[in-house]
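Biologist: Please take me through this structure one question at a time, with the cut-offs spelled out as we go.

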Amino acid sequence: MERPGVGECFEPGKVWLDVAGAPIQAHGGGILYDCGTYYWFGENKDGETKFVANEVHRVDVVGISCYSSRDLLHWKHEGVVLPANMDDPAHDLHVSKVAERPKVIYNAATRQYVMWLHVDTYKYEYARAGVAVSDAPTGPYRYLGSSRPNDAESRDMTVFQDDDGSAYLIYSSERHSTLHISRLTPDYLGQSGQFIRAFVTRPLNGREAPAVFMHDGHYFMVSSGCTGWDANPAEYAMARSMLGEWQVLGDPCCGPDHETTFHAQSTFVLPMPGRPGCFIFMADRWQKENLRDSRYVWLPLRMSGSHATIAWHDRWDCSVFA
Ligand code: GAL
(Lines give C-alpha, C1' and ligand atoms only; values in the text may rest on other atoms or scores of the structure.)
Protein backbone atom coordinates (compact mmCIF):
# COMPACT_ATOMS: atom_id res chain seq x y z
CA MET A 1 0.00 0.00 0.00
CA GLU A 2 1.16 3.52 -0.75
CA ARG A 3 2.68 5.28 2.24
CA PRO A 4 1.15 8.74 2.58
CA GLY A 5 3.36 11.83 2.91
CA VAL A 6 3.55 12.70 6.58
CA GLY A 7 5.29 16.01 6.31
CA GLU A 8 9.02 15.18 6.67
CA CYS A 9 9.67 16.29 3.10
CA PHE A 10 7.74 17.12 -0.05
CA GLU A 11 6.73 13.97 -1.93
CA PRO A 12 5.10 15.15 -5.16
CA GLY A 13 2.17 13.00 -6.26
CA LYS A 14 1.85 11.11 -2.94
CA VAL A 15 -1.15 11.41 -0.64
CA TRP A 16 -0.37 14.37 1.64
CA LEU A 17 -1.84 14.31 5.14
CA ASP A 18 -2.59 17.30 7.35
CA VAL A 19 -1.42 17.30 10.98
CA ALA A 20 -4.66 15.57 12.02
CA GLY A 21 -3.97 12.71 9.60
CA ALA A 22 -6.56 13.57 6.95
CA PRO A 23 -5.67 14.02 3.26
CA ILE A 24 -5.23 17.71 2.44
CA GLN A 25 -8.15 19.10 0.41
CA ALA A 26 -6.82 22.29 -1.21
CA HIS A 27 -6.87 21.81 -4.96
CA GLY A 28 -6.32 24.54 -7.54
CA GLY A 29 -4.92 26.48 -4.63
CA GLY A 30 -2.65 29.33 -3.74
CA ILE A 31 -0.67 30.52 -0.74
CA LEU A 32 -0.74 33.69 1.30
CA TYR A 33 2.31 34.42 3.50
CA ASP A 34 1.25 36.55 6.44
CA CYS A 35 3.24 37.35 9.61
CA GLY A 36 5.43 34.24 9.47
CA THR A 37 2.61 31.83 8.65
CA TYR A 38 1.68 30.32 5.32
CA TYR A 39 -2.01 29.97 4.52
CA TRP A 40 -2.92 27.53 1.78
CA PHE A 41 -6.36 28.05 0.20
CA GLY A 42 -7.84 25.58 -2.24
CA GLU A 43 -10.87 23.69 -3.46
CA ASN A 44 -12.21 21.14 -1.04
CA LYS A 45 -13.20 18.27 -3.34
CA ASP A 46 -14.04 15.80 -0.61
CA GLY A 47 -17.15 14.40 -2.26
CA GLU A 48 -18.20 11.80 -4.77
CA THR A 49 -17.07 12.42 -8.36
CA LYS A 50 -20.01 12.52 -10.76
CA PHE A 51 -19.71 12.06 -14.48
CA VAL A 52 -21.99 14.62 -16.12
CA ALA A 53 -21.46 14.45 -19.90
CA ASN A 54 -19.02 15.70 -22.51
CA GLU A 55 -16.02 14.70 -20.44
CA VAL A 56 -17.28 16.69 -17.45
CA HIS A 57 -16.35 15.11 -14.15
CA ARG A 58 -17.33 17.07 -11.09
CA VAL A 59 -17.73 17.08 -7.34
CA ASP A 60 -20.53 19.08 -5.72
CA VAL A 61 -19.14 22.27 -4.21
CA VAL A 62 -17.97 21.75 -0.63
CA GLY A 63 -16.26 25.12 -0.38
CA ILE A 64 -12.84 26.65 -0.01
CA SER A 65 -10.50 25.13 2.56
CA CYS A 66 -7.75 26.94 4.42
CA TYR A 67 -4.68 25.27 5.94
CA SER A 68 -1.93 26.97 7.93
CA SER A 69 1.74 26.10 8.39
CA ARG A 70 4.99 27.71 9.46
CA ASP A 71 7.27 25.30 7.59
CA LEU A 72 5.25 24.46 4.43
CA LEU A 73 5.35 20.76 5.35
CA HIS A 74 3.00 20.41 8.33
CA TRP A 75 -0.45 21.81 7.61
CA LYS A 76 -3.28 22.40 10.06
CA HIS A 77 -6.80 22.47 8.62
CA GLU A 78 -8.38 25.79 9.61
CA GLY A 79 -11.71 24.70 8.15
CA VAL A 80 -13.87 25.42 5.14
CA VAL A 81 -13.59 29.19 5.23
CA LEU A 82 -16.01 29.85 2.35
CA PRO A 83 -18.59 27.07 2.40
CA ALA A 84 -21.02 26.00 -0.31
CA ASN A 85 -24.56 27.29 -0.19
CA MET A 86 -26.90 24.38 0.53
CA ASP A 87 -30.36 25.77 -0.14
CA ASP A 88 -30.46 28.44 -2.84
CA PRO A 89 -29.92 26.97 -6.34
CA ALA A 90 -29.51 30.52 -7.70
CA HIS A 91 -26.56 31.28 -5.40
CA ASP A 92 -23.11 31.35 -7.02
CA LEU A 93 -21.78 28.98 -4.38
CA HIS A 94 -24.68 26.51 -4.45
CA VAL A 95 -23.52 22.88 -4.18
CA SER A 96 -24.64 22.22 -7.77
CA LYS A 97 -22.17 24.75 -9.18
CA VAL A 98 -18.40 25.13 -9.54
CA ALA A 99 -16.06 27.06 -7.23
CA GLU A 100 -12.43 26.80 -8.32
CA ARG A 101 -8.90 28.19 -8.03
CA PRO A 102 -9.29 30.51 -5.00
CA LYS A 103 -6.46 32.96 -4.29
CA VAL A 104 -6.19 35.31 -1.30
CA ILE A 105 -4.25 38.56 -0.91
CA TYR A 106 -4.13 41.05 1.97
CA ASN A 107 -5.09 44.67 1.49
CA ALA A 108 -3.10 46.74 4.01
CA ALA A 109 -5.21 49.88 3.44
CA THR A 110 -8.57 48.23 4.16
CA ARG A 111 -7.09 45.57 6.47
CA GLN A 112 -9.07 42.94 4.65
CA TYR A 113 -8.12 39.56 3.29
CA VAL A 114 -9.57 39.39 -0.21
CA MET A 115 -10.33 36.10 -1.94
CA TRP A 116 -11.00 35.82 -5.67
CA LEU A 117 -12.22 32.59 -7.22
CA HIS A 118 -13.73 31.17 -10.38
CA VAL A 119 -17.46 30.58 -9.99
CA ASP A 120 -19.41 28.78 -12.65
CA THR A 121 -22.32 26.53 -13.50
CA TYR A 122 -21.46 22.86 -13.93
CA LYS A 123 -21.41 23.39 -17.70
CA TYR A 124 -18.87 26.21 -17.30
CA GLU A 125 -21.14 28.70 -19.10
CA TYR A 126 -21.45 31.30 -16.32
CA ALA A 127 -17.70 32.09 -16.43
CA ARG A 128 -17.46 34.67 -13.65
CA ALA A 129 -15.03 35.80 -10.99
CA GLY A 130 -16.34 35.82 -7.42
CA VAL A 131 -14.94 37.83 -4.53
CA ALA A 132 -15.11 37.39 -0.76
CA VAL A 133 -13.55 39.21 2.21
CA SER A 134 -12.51 38.48 5.76
CA ASP A 135 -10.91 40.33 8.68
CA ALA A 136 -8.68 37.33 9.43
CA PRO A 137 -6.75 35.04 7.08
CA THR A 138 -8.58 32.00 8.40
CA GLY A 139 -11.99 33.52 7.72
CA PRO A 140 -14.88 33.23 7.75
CA TYR A 141 -15.02 34.88 4.32
CA ARG A 142 -18.09 36.92 3.41
CA TYR A 143 -19.11 36.39 -0.20
CA LEU A 144 -19.73 39.70 -1.99
CA GLY A 145 -20.83 38.40 -5.39
CA SER A 146 -19.46 37.79 -8.86
CA SER A 147 -18.92 39.60 -12.11
CA ARG A 148 -17.64 39.17 -15.62
CA PRO A 149 -14.54 41.36 -15.29
CA ASN A 150 -14.33 44.00 -18.00
CA ASP A 151 -17.53 42.44 -19.40
CA ALA A 152 -15.59 39.35 -20.41
CA GLU A 153 -15.72 35.65 -19.53
CA SER A 154 -13.54 34.62 -16.61
CA ARG A 155 -12.62 30.98 -16.04
CA ASP A 156 -9.28 29.72 -14.64
CA MET A 157 -7.78 32.61 -12.71
CA THR A 158 -5.18 33.82 -10.28
CA VAL A 159 -4.38 37.01 -8.42
CA PHE A 160 -1.01 38.73 -8.22
CA GLN A 161 0.00 41.44 -5.75
CA ASP A 162 2.83 43.68 -6.88
CA ASP A 163 5.48 45.28 -4.65
CA ASP A 164 3.82 48.68 -4.93
CA GLY A 165 0.54 47.34 -3.52
CA SER A 166 -1.28 47.19 -6.83
CA ALA A 167 -2.99 43.89 -7.56
CA TYR A 168 -4.14 42.10 -10.69
CA LEU A 169 -6.73 39.50 -11.61
CA ILE A 170 -5.47 37.22 -14.36
CA TYR A 171 -8.19 35.14 -16.01
CA SER A 172 -8.69 32.92 -18.99
CA SER A 173 -11.18 34.65 -21.26
CA GLU A 174 -12.92 34.76 -24.61
CA ARG A 175 -13.36 30.99 -24.86
CA HIS A 176 -9.77 30.46 -23.75
CA SER A 177 -8.37 32.43 -26.68
CA THR A 178 -6.73 34.98 -24.39
CA LEU A 179 -5.73 35.57 -20.80
CA HIS A 180 -6.80 38.97 -19.53
CA ILE A 181 -4.64 40.78 -17.00
CA SER A 182 -6.77 43.30 -15.17
CA ARG A 183 -5.62 45.78 -12.57
CA LEU A 184 -7.86 45.72 -9.50
CA THR A 185 -9.20 48.81 -7.77
CA PRO A 186 -7.18 49.96 -4.70
CA ASP A 187 -9.53 48.01 -2.38
CA TYR A 188 -8.96 44.89 -4.56
CA LEU A 189 -12.72 44.34 -4.81
CA GLY A 190 -13.31 45.36 -8.44
CA GLN A 191 -11.67 46.06 -11.78
CA SER A 192 -9.96 49.42 -12.32
CA GLY A 193 -10.75 49.42 -16.05
CA GLN A 194 -7.07 49.02 -17.00
CA PHE A 195 -6.50 45.62 -18.56
CA ILE A 196 -4.75 43.86 -21.41
CA ARG A 197 -5.51 40.81 -23.53
CA ALA A 198 -2.36 38.69 -23.41
CA PHE A 199 -1.43 35.61 -25.47
CA VAL A 200 -4.17 36.47 -27.95
CA THR A 201 -5.70 33.93 -30.30
CA ARG A 202 -3.64 30.89 -30.42
CA PRO A 203 -6.49 28.68 -31.65
CA LEU A 204 -6.71 25.42 -29.70
CA ASN A 205 -3.68 26.57 -27.79
CA GLY A 206 -5.14 29.06 -25.34
CA ARG A 207 -3.73 29.33 -21.86
CA GLU A 208 -5.22 28.61 -18.45
CA ALA A 209 -4.14 27.72 -14.91
CA PRO A 210 -2.04 30.93 -14.65
CA ALA A 211 0.52 31.41 -11.86
CA VAL A 212 2.45 34.71 -11.66
CA PHE A 213 5.66 35.59 -9.85
CA MET A 214 8.33 38.24 -9.91
CA HIS A 215 12.07 37.83 -10.33
CA ASP A 216 14.79 40.40 -10.76
CA GLY A 217 12.35 43.18 -11.56
CA HIS A 218 10.53 41.15 -14.21
CA TYR A 219 7.16 39.41 -14.17
CA PHE A 220 6.82 35.75 -15.05
CA MET A 221 3.76 33.62 -15.68
CA VAL A 222 3.51 29.84 -15.87
CA SER A 223 0.32 28.50 -17.44
CA SER A 224 -1.07 25.33 -18.98
CA GLY A 225 -2.80 24.57 -22.24
CA CYS A 226 -6.54 23.84 -22.23
CA THR A 227 -7.23 20.12 -21.99
CA GLY A 228 -9.67 19.98 -19.07
CA TRP A 229 -8.52 17.64 -16.29
CA ASP A 230 -5.89 16.06 -18.55
CA ALA A 231 -2.30 17.22 -18.32
CA ASN A 232 -0.41 19.05 -21.05
CA PRO A 233 2.90 20.95 -21.32
CA ALA A 234 3.43 24.05 -19.19
CA GLU A 235 4.71 27.24 -20.73
CA TYR A 236 6.16 30.37 -19.18
CA ALA A 237 6.35 33.94 -20.32
CA MET A 238 7.99 37.15 -19.16
CA ALA A 239 7.04 40.84 -19.14
CA ARG A 240 8.58 44.08 -17.90
CA SER A 241 5.27 45.12 -16.38
CA MET A 242 2.04 43.30 -15.68
CA LEU A 243 0.20 45.29 -18.35
CA GLY A 244 3.15 45.19 -20.74
CA GLU A 245 4.02 42.86 -23.55
CA TRP A 246 4.39 39.18 -22.61
CA GLN A 247 7.13 37.20 -24.31
CA VAL A 248 6.65 33.42 -24.43
CA LEU A 249 9.81 31.58 -23.32
CA GLY A 250 8.89 27.89 -23.53
CA ASP A 251 8.44 24.91 -21.23
CA PRO A 252 10.07 25.43 -17.80
CA CYS A 253 9.84 21.70 -16.96
CA CYS A 254 12.76 19.44 -17.84
CA GLY A 255 13.53 15.74 -17.81
CA PRO A 256 11.14 12.78 -18.13
CA ASP A 257 7.43 13.74 -18.21
CA HIS A 258 8.20 17.42 -18.76
CA GLU A 259 5.69 17.32 -21.65
CA THR A 260 2.82 16.70 -19.21
CA THR A 261 4.10 19.04 -16.49
CA PHE A 262 4.86 15.80 -14.59
CA HIS A 263 1.20 14.75 -15.07
CA ALA A 264 -0.01 17.93 -13.43
CA GLN A 265 -1.29 21.46 -14.03
CA SER A 266 0.04 24.73 -12.63
CA THR A 267 -1.80 26.58 -9.90
CA PHE A 268 0.67 28.84 -8.02
CA VAL A 269 4.31 29.85 -7.69
CA LEU A 270 5.49 30.66 -4.18
CA PRO A 271 8.62 32.78 -3.65
CA MET A 272 10.97 31.55 -0.91
CA PRO A 273 11.46 34.46 1.49
CA GLY A 274 15.11 35.57 1.60
CA ARG A 275 16.11 33.30 -1.31
CA PRO A 276 16.15 35.26 -4.56
CA GLY A 277 15.61 33.06 -7.62
CA CYS A 278 14.08 30.24 -5.52
CA PHE A 279 10.42 29.36 -5.76
CA ILE A 280 8.05 26.48 -5.18
CA PHE A 281 6.03 25.53 -8.25
CA MET A 282 2.64 24.20 -7.14
CA ALA A 283 0.56 22.05 -9.46
CA ASP A 284 -2.42 19.68 -9.32
CA ARG A 285 -2.29 16.11 -10.51
CA TRP A 286 -5.99 15.74 -11.19
CA GLN A 287 -7.61 12.29 -10.88
CA LYS A 288 -10.69 13.01 -12.92
CA GLU A 289 -12.41 9.69 -12.07
CA ASN A 290 -11.99 10.42 -8.36
CA LEU A 291 -11.32 14.13 -7.97
CA ARG A 292 -11.06 14.07 -4.17
CA ASP A 293 -7.93 11.92 -4.60
CA SER A 294 -6.22 14.49 -6.85
CA ARG A 295 -2.62 14.97 -5.72
CA TYR A 296 -0.26 17.88 -5.26
CA VAL A 297 2.94 18.23 -7.23
CA TRP A 298 5.20 20.78 -5.54
CA LEU A 299 8.65 21.16 -7.05
CA PRO A 300 11.54 23.60 -6.78
CA LEU A 301 11.50 26.28 -9.46
CA ARG A 302 14.81 28.02 -10.03
CA MET A 303 15.48 31.19 -11.95
CA SER A 304 18.75 31.98 -13.61
CA GLY A 305 18.38 35.34 -15.31
CA SER A 306 15.13 34.96 -17.21
CA HIS A 307 15.49 31.19 -17.50
CA ALA A 308 13.14 29.06 -15.37
CA THR A 309 13.78 25.41 -14.57
CA ILE A 310 11.48 22.94 -12.87
CA ALA A 311 12.95 19.45 -12.40
CA TRP A 312 11.32 16.37 -10.90
CA HIS A 313 12.27 15.27 -7.36
CA ASP A 314 10.76 12.14 -5.71
CA ARG A 315 11.41 13.63 -2.27
CA TRP A 316 12.84 16.97 -1.34
CA ASP A 317 12.85 19.77 1.21
CA CYS A 318 13.81 23.44 1.25
CA SER A 319 17.49 22.61 1.85
CA VAL A 320 17.69 22.21 -1.96
CA PHE A 321 17.59 26.01 -2.05
CA ALA A 322 20.63 26.39 0.24
C1 GAL B 1 -9.44 22.66 -16.39
C2 GAL B 1 -9.23 23.72 -15.33
C3 GAL B 1 -9.65 23.17 -13.99
C4 GAL B 1 -11.09 22.70 -14.12
C5 GAL B 1 -11.21 21.68 -15.25
C6 GAL B 1 -12.64 21.21 -15.47
O7 GAL B 1 -9.16 23.13 -17.66
O8 GAL B 1 -7.89 24.12 -15.29
O9 GAL B 1 -9.52 24.15 -13.00
O10 GAL B 1 -11.92 23.80 -14.42
O11 GAL B 1 -10.76 22.24 -16.45
O12 GAL B 1 -12.72 20.33 -16.56
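Modeller: A salt bridge here is a side-chain nitrogen of Lys or Arg within 4 Å of a carboxyl oxygen of Asp or Glu. This is a predicted model, in which local features need pLDDT of at least 70 and side-chain atom pairs count only at pLDDT 80 or more, while totals for chains, interfaces and linings use all residues. Residues are numbered from 1 along each chain as its sequence is written, and side-chain values use heavy atoms, with hydrogens and water left out.

Biologist: Thanks! With which residue does Lys45 form a salt bridge?

Modeller: Lys45 is buried (under 20% relative accessible area, with exposed over 50% and partly exposed in between, for a 1.4 Å probe and protein chains only). Its partner is buried too. The closest N and O atoms of the pair are 2.8 Å apart, and that partner is Glu43.

Biologist: How many residues apart in sequence are the parts that Lys50 and Asp60 tie together?

Modeller: The side chains of Lys50 and Asp60 meet in a salt bridge at 2.9 Å, N to O. Lys50 is partly exposed at 33% relative accessible area, and Asp60 is partly exposed at 26%. Lys50 lies in strand β3 (residues 49-51; strands are DSSP E runs of at least two residues and helices H or I runs of at least four, numbered from the N terminus). Asp60 lies in the loop between β4 and β5, so the pair ties together parts whose separation in sequence is 10 residues.

Biologist: And how far apart in the chain are Asp156 and Arg101?

Modeller: Their side chains meet in a salt bridge of 3.2 Å, N to O. Both are buried, Asp156 at 7% relative accessibility and Arg101 at 3%. Asp156 sits in the loop between β10 (142-147) and β11, and Arg101 in strand β7, so to speak of distant parts of the chain is fair: the separation is 55 residues.

Biologist: How many salt bridges does the structure hold?

Modeller: Some of them share partners, and in this way Glu11, Lys14 and Arg315 are joined into one network. Counted over the structure, the salt bridges number 14.

Biologist: Let's turn to empty space. Which residues lie closest to the centre of the largest cavity?

Modeller: On a 1 Å grid over the protein atoms alone, a cavity is a set of points where a 1.4 Å probe fits but cannot get out, and lining residues have an atom within 4 Å of a point. There are two cavities of 30 Å³ or more, and the largest has a volume of about 150 Å³ (the space filled by probe spheres set on grid points, which are joined across faces, edges and corners). Its lining divides into nine nonpolar (Ala, Val, Leu, Ile, Met, Phe, Trp, Tyr, Cys and Pro), six charged (Asp, Glu, Lys and Arg) and three polar residues (the others, Gly among them). Of the 18 lining residues, the closest to the centre are Lys45, Val59, Val61, Val98 and Ala99.

Biologist: Which element gives the most to the lining of the largest pocket?

Modeller: A pocket is an open set of points with protein on both sides within 12 Å along at least five of seven lines. The largest holds about 710 Å³, and 30 residues line it, with Ile31, Tyr33, Phe160, Gln161 and Pro271 nearest its centre. By class, that lining has 20 nonpolar, four polar and six charged residues. Five lining residues come from the element that gives the most, β1.

Biologist: How many charged residues are in the lining of the second largest pocket?

Modeller: This pocket has a volume of about 590 Å³. Its lining counts 24 residues, and Tyr124, His176, Glu208, Gly228 and Trp229 are the closest to its centre. Five of the lining residues are nonpolar and seven polar, and the charged ones number 12.

Biologist: Is β21 largely enclosed or left open, and how many of its residues are buried?

Modeller: β21 pairs with β20 in the antiparallel sense over six bridges (two strands pair if DSSP finds at least two bridges between them), and Leu270 stands opposite Ile280 there. With strand β22 (residues 295-304) the pairing is also antiparallel, over eight bridges, and Phe281 has Leu299 as its bridge partner. β21 is largely enclosed by the rest of the structure, because among its eight residues the number buried is seven.

Biologist: Last one: which strands stand at the edges of the open sheet of four?

Modeller: The sheet runs in the order β11-β12-β13-β14 with antiparallel pairing. Within it, β12 (residues 167-173) and β13 (residues 178-184) share six bridges, and Tyr168 stands opposite Arg183. Each edge strand has a single partner, so one side of each is left without a neighbour in the sheet; these strands are β11 and β14.
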